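Welcome! Here is a short briefing to read beside the sequence and the model. Take a look at both before going on.

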Amino acid sequence: MTPPPGAVGGRPSPATNTRAAQAVARLVEVASRMEPQIESECRARTTGRNCDYRLVIDDRLDEPPNAFQTEDRAGRPVIGVTLAMLAEVRNSDELAFVFGHEAAHHIAGHIVSRQRDAAIGAVFLGRAAQAQGADARAVRQAQQLGAELGSRLYSKDYELEADRLGTIITWNAGYDPLKGAAFFLRLPDPKAVLLGTHPPNQLRFDVVRETVAELRRKGR
């Protein structure tokens with residue numbers, strides 16, 4: 001990270017050290033409570049899927065606040081968060097909701113779904129280009145564009161599904177999903193953009209609120 005002009009090197013201030021210690025303590029506390037709940041939900045809702053989650057921290061200082069879900073080469077689900085994300089969340093409920101949302105993507109099989117969507121889009125536009133007499137290079141470009149468009153087609157639906165299931169996981173772990181989802185309201189709003197990757201923030205918050213109301217009605 002490039003220091004601002006006039007910055008002087010040295011040890012972090014006591015205030016910085018305090019905030020860092022608080023962030024680490026929050027991470028340990030939330031991860032310890034969320035991991036067994038996440039893995040329990042995964043086993044209850046899936047068959048034959050790897051539910052042994054791994055938490056990783058992206059410690060690159062230039063990465064923005066972000067969380068993600070992926071799988072390692074052995075198919076083990078991975079939840080990753082950046083240092084900036086750990087610094088951005090304001091309480092344990094927000095961090096728990098982040099974990100719950102990312103865990104839900106794996107439980108719902110969204111990586112496989114997006115790969116399928118991309119493959120369908122690639123085949124569709126590739127064949128359309130071939131039918132128009134395009135050369136091999138143009139066909140490859142059409143396939144790449146089709147894959148990108150296909151992967152985005154249901155992306156918003158997958159995010160809302162992960163918000164709903166993430167709410168349930170967060171609730172069952174003893175955290176407040178409504179306080180956790182307040183994180184959405186501080187994010188730049190993606191608005192209702194065609195083929196955008198994320199729904200509007202208010203819509204996501206509404207899904208969380210409706211899911212919590214349903215959980216309360218059921219006495220959970």
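Two strands count as paired if DSSP finds at least two bridges between them. By that rule S2 and strand S3 (residues 77-82) pair, in the antiparallel sense and over five bridges. This is a predicted model, and the points below take its confidence, its sheet, two of its helices and its salt bridges in turn.

**Confidence**

- The average pLDDT of the protein is 85, and 88% of the residues score at least 70.
- Residues 1-9 have a pLDDT below 50, and this stretch has one contact in the model beyond near neighbours in sequence.

**The sheet**

- Three strands make up an open sheet with mixed pairing, in the order S1-S3-S2.
- Strand S1 (54-58) and strand S2 (67-71) are at the edges with a single partner strand each, so one side of each has no neighbour in the sheet.
- From one strand to the next, the twist averages 25 degrees.
- S2 and S3 form a hairpin, with five residues between the two strands.
- In the turn of this hairpin, glycine 75 has a positive phi of about 85 degrees.
- Two positions show how the hairpin strands line up: phenylalanine 68 is opposite glycine 80 in S3, and threonine 70 has valine 78 in S3 as its bridge partner.
- Helix H3 lies across S1, S2 and S3, and runs at about 30 degrees to S2.

**Helix H4**

- Helix H4 (residues 110-131) has 22 residues, which at 1.5 Å a residue should span 32 Å; the end C-alpha atoms are 31 Å apart, which agrees.
- Which residues of H4 are buried? They are His110, Ser113, Asp117, Ala118, Gly121, Ala122, Gly126 and Ala129.
- A general point helps in reading that list: an α-helix has 3.6 residues a turn, so residues three or four places apart point the same way.
- After H4 comes glycine 133, with a positive phi near 80 degrees.

**Helix H6**

- Helix H6 (residues 155-172) holds 18 residues, for which 1.5 Å a residue gives an expected span of 26 Å; its end C-alpha atoms are 26 Å apart, in agreement.
- The buried residues of H6 are Ser155, Tyr158, Glu159, Leu160, Ala162, Asp163, Leu165, Gly166, Thr167, Ile168, Ile169 and Thr170.
- Threonine 167, in helix H6, is a good residue to look up, and its relative accessibility is 0%, so threonine 167 counts as buried.
- What does threonine 167 touch? Leaving aside residues up to four places away in sequence, threonine 167 touches Phe97, Pro177, Val208, Thr211 and Val212.
- Glycine 174 follows H6, and its phi is positive, near 95 degrees.

**Salt bridges**

- As a general rule, side chains of opposite charge can pair when their charged atoms come close.
- How many salt bridges does the structure hold? There are eleven.
- One of them joins arginine 186 to glutamate 94, with the closest N and O atoms 2.7 Å apart.
- Arginine 186 lies in the loop between helix H7 (177-181) and helix H8 (201-217), while glutamate 94 is in helix H3 (residues 92-107), so this pair ties together parts that are 92 residues apart in sequence.
- Are the two partners buried or exposed? Glutamate 94 is buried, with a relative accessible area of 2%, whereas arginine 186 is partly exposed at 26%.
- Arginine 60 pairs with glutamate 63, the closest N and O atoms being 3.9 Å apart; this falls under the cut-off because a salt bridge needs the two atoms within 4 Å.
- Both of these residues are partly exposed: arginine 60 has 47% relative accessibility, and glutamate 63 has a relative accessible area of 26%.
- Glutamate 214 forms a salt bridge with lysine 218, with 3.1 Å between the closest N and O atoms.
- Here glutamate 214 is partly exposed, at 21% relative accessibility, and lysine 218 is exposed, at 56%.
- Shared partners also link salt bridges into a network, which joins Asp58, Arg60 and Glu63.

Terms used:
Residues numbered from 1 in each chain as written. Heavy atoms only, no water. Salt bridge = Lys/Arg side-chain N within 4 Å of Asp/Glu carboxyl O. Buried < 20%, exposed > 50% of the residue type's maximum accessible area, 1.4 Å probe, protein only. Helix = DSSP H or I, 4+ residues; strand = E, 2+ residues; numbered from the N terminus. Expected span 1.5 Å × (residues − 1). Axes fitted to C-alpha atoms, helices over the stretch in contact; angles between N-to-C directions. Contact = heavy atoms within 4.5 Å. pLDDT = per-residue confidence, 0-100.
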